[in-house]
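Colleague: I am new to this structure and would like a close look at one part of it. Please take the way the domains are arranged, and then work through what each contains.

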Amino acid sequence: MILDEALKGQLAQYLEMLENDIEIKVSASDDETSKNMMELVETLSSMSSKINVEETELKRTPSFSINRKDEDTGIVFAGVPLGQEFTSLILALLQVSGRAPKIDEDLVERIKNLDEELNFETYISLSCQVCPEVVQALNIMSVLNPKIAHTMIDGAVFKDEVDKMNIRAVPSAYLNGEPFGDGWMTVEEILAKLVGGPDASEFEEKDPFDMLVVGGGPGGASAAIYGARKGIRTGIVAERFGGQILDTATIENFIGTKSTQGPQLANQLEEHVKEYDVDIMNLQQATHLEKKDDFIEIGLENGATLKSKSVIIATGARWRTINVPGEEEFRNNGVAYCPHCDGPLFAGKEVAVIGGGNSGVEAAIDLAAITEHVTILEYSDTMKADSVLLDRLHSLENVTAVVNAQTTEITGTDTVNGLSYLNRETNTEEHIELAGVFVQIGLVPNTDWLGDTVERNKFGEIVIDDHGATNIPGVYAAGDCTDIPYNQIITSMGAGSLASLSASDYLVRQPELVKK
Ligand SMILES: Cc1cc2nc3c(=O)[nH]c(=O)nc-3n(C[C@H](O)[C@H](O)[C@H](O)COP(=O)(O)OP(=O)(O)OC[C@H]3O[C@@H](n4cnc5c(N)ncnc54)[C@H](O)[C@@H]3O)c2cc1C
């Protein structure tokens, strides 16, 4: 049975919410996947009188399309959308039947205004947690605009296609046969890719802000909520609202929430910020900061300049990457960057840590307590960590330290299965079999755009005091872009609230600014 009783129970509740009749058109043969697909669509139609099924021939077999009674929507599922895609199936049924998708009205208008034929195809795997976001965004666009079509393709079912196109990471979206985008994409991001973001003129009319937050990760979201709750005019400029958590699979150390997914937490952050009167300027990159007499000016990549009486910089950081084959393909599928976060996912398995500095050695010590075995690889001829850490490392029986090791490739199929490195001393190629690779060669703060304006340390991190203040009056900073010792969601949120409260306090003490 393709759906167990629990799933059928869930499905029954949703199918009661269907508003209008739906036509499911199926293209099937006699292979096992076709049989499973037929069982799924027949179950759907047996559970709701609003669903009719008819056989047809579609571009791919097995696949099925979900349509209104007299109009094809362009939504196709190639394969059987269970696993992570079950929700995509339910949402597609509800939206095709007439229930409005939950997106902002201005996005609905922008989608309806698209006036060209757009045929999207997204390759997914049923275990990919990020894939449904892209599938659901493109399905919404197909529901709203008859010129847009979208097919979800299960790569495990259409393996020949995937191999021919050399697709090694999901989700991988194509538009009219050309690569369109990999990884997480929201409706807003897809629209920006199609027609560009707003130009400078849309920002010219904006009044100066009391508090302008640059960065929309956990730190920036927290700062904005604290600012708006003070009743002051607050805005957020973010290159990508959500920040690093958009690239995070499972989060298990966000206290109060036992386990969540990064993209889900990012949605919750956005919903929470939207509860308040915050001007969110997403998909906008800040390019410079300048302190003028009364205001701090933030220049944007599109040429606009925003003014604010106080600014909070929360532009975060990105993991330094090793740039070898396999790193990008298996990111979140065996390649990890955060041992505090992802270590428990490798319990009882063999892993490697790349990088023999303090963070790498600390990671190896942490991981040794959880995993079966850790191999730590250092490029140079000695481990660079502090001796106290090295003593601890060498006392551990399940850790092997390798120096002079230049990682050349991370190997795998669906997930990581090994790592190849060049032994720089003997010039021989070595390979180790393992389940996970932790890259620990440092974090790069996203602060280059500040130039010489705000004081930064030798690592590029913004120097702040215990109130989150920078060297420029009215400019505060929070989270991974600063010189705080630990980079976590919860520490960034705490730092964001601290910087925001300090900025509010600064504004209250500047009566001449508050009056203007
Ligand atoms: C793969 C991975 C897994 C992780 N897992 C966990 C975990 O399980 N638990 C945990 O606590 N932590 C985890 N972390 C760390 C955690 O995600 C970060 O510490 C946290 O997101 C930092 O928040 P932040 O707001 O300071 O910065 P970020 O999340 O980096 O957000 C920065 C924001 O600034 C924006 N930005 C950057 N430059 C500009 C610019 N010039 N103009 C405008 N906007 C800009 C970005 O688009 C983004 O919106 C993980 C990190 C990674 C990469």
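Modeller: The centres of domain 2 and domain 3 are 34 Å apart, taken over C-alpha atoms. The model is a predicted one. Between these two domains, six residues of domain 2 are in contact with four residues of domain 3. The division behind these statements gives domain 1 (5–195), domain 2 (205–318 + 444–514) and domain 3 (335–439).

Domain 3 can be read through its strands. Five strands form an open sheet in the order 18-25-19-20-21, and the pairing is parallel. Strand 18 (335–336) and strand 21 are at the edges with a single partner strand each, so each has one side without a neighbour in the sheet. Inside the sheet, strand 19 (residues 350–354) runs parallel to strand 25 (residues 436–439), and four bridges join them. V353 stands opposite F438 in strand 25.

At the other end of the order, strand 20 (residues 373–377) and strand 21 are also parallel and joined by four bridges. I376 has A401 of strand 21 as its bridge partner. Between these two strands the chain passes through helix 13 (residues 387–394), in a β-α-β crossover that is right-handed. The side chains along strand 21 (residues 399–402) alternate: V399 and A401 point to one face and are buried, whereas T400 and V402 point to the other face and are not buried. A401, the partner of I376, is thus on the buried face of strand 21.

Next, the nonpolar cores. The largest has 103 residues, and V237, I298 and I312 have the most contacts inside it. Helix 5 gives the most to this core, with nine residues. Because domain 1 (5–195) and domain 2 (205–318 + 444–514) both give residues to it, this core lies between them. As for I298, leaving aside its neighbours within four places in sequence, this residue is in contact with L212, V214, V237, A286, L289, L306, S308 and V311. One of these contacts, V237, is itself listed with the residues that have the most contacts inside the core. Apart from this core lies another, of 33 residues, including F330, A368, Y421 and V439.

Helix 5 (residues 131–144) has 14 residues and reaches 20 Å from its first C-alpha to its last, close to the 20 Å expected at 1.5 Å a residue. The helix is mostly covered, with 14 of its 14 residues buried.

Domain 1 (5–195) also holds a set of strands early in the chain. Along strand 1 (residues 22–27) the side chains alternate: I22, I24 and V26 are buried and point to one face, while E23, K25 and S27 point to the other and are not buried. Strand 1 has a parallel partner in strand 2 (residues 51–55), to which five bridges join it. There K25 stands opposite E54. The chain goes from strand 1 through helix 2 (residues 32–47) to strand 2, and this β-α-β crossover is right-handed. Strand 1 is also joined by six bridges to strand 3 (residues 63–68), and these two run antiparallel. The bridge partner of K25 in strand 3 is S65. In the loop between strand 2 and strand 3 is P62, and the peptide bond from T61 to P62 is cis, with omega near 5 degrees.

Some loop residues remain. Most residues other than glycine have a negative phi, and most peptide bonds are trans. L283, in the loop between strand 13 (278–282) and strand 14 (286–291), has a positive phi, near 60 degrees. L283 counts as buried because 21 other C-beta atoms lie within 10 Å. N323 also has a positive phi, near 55 degrees, and is placed in the loop between strand 17 (317–319) and strand 18. With 8 other C-beta atoms within 10 Å, N323 is exposed.

G196 is in the loop between helix 7 (187–195) and helix 8 (201–204). This glycine is exposed, with 10 other C-beta atoms within 10 Å. G196 and L283 are 87 residues apart in sequence, and their C-alpha atoms are 9.9 Å apart in space.

Conventions. Residues numbered from 1 in each chain as written. Predicted model: local features only at pLDDT ≥ 70, side-chain atom pairs only at ≥ 80, totals over all residues. Expected span 1.5 Å × (residues − 1). Buried ≥ 20, exposed ≤ 12 C-beta atoms within 10 Å, placed from the backbone. Pairing = 2+ DSSP bridges. Right-handed = clockwise from strand over helix to strand, strands pointing away. Core = buried A, V, L, I, M, F, W, Y, C linked by C-beta atoms within 7 Å. Domains from an automatic or database assignment. Contact = placed C-beta atoms within 7 Å.
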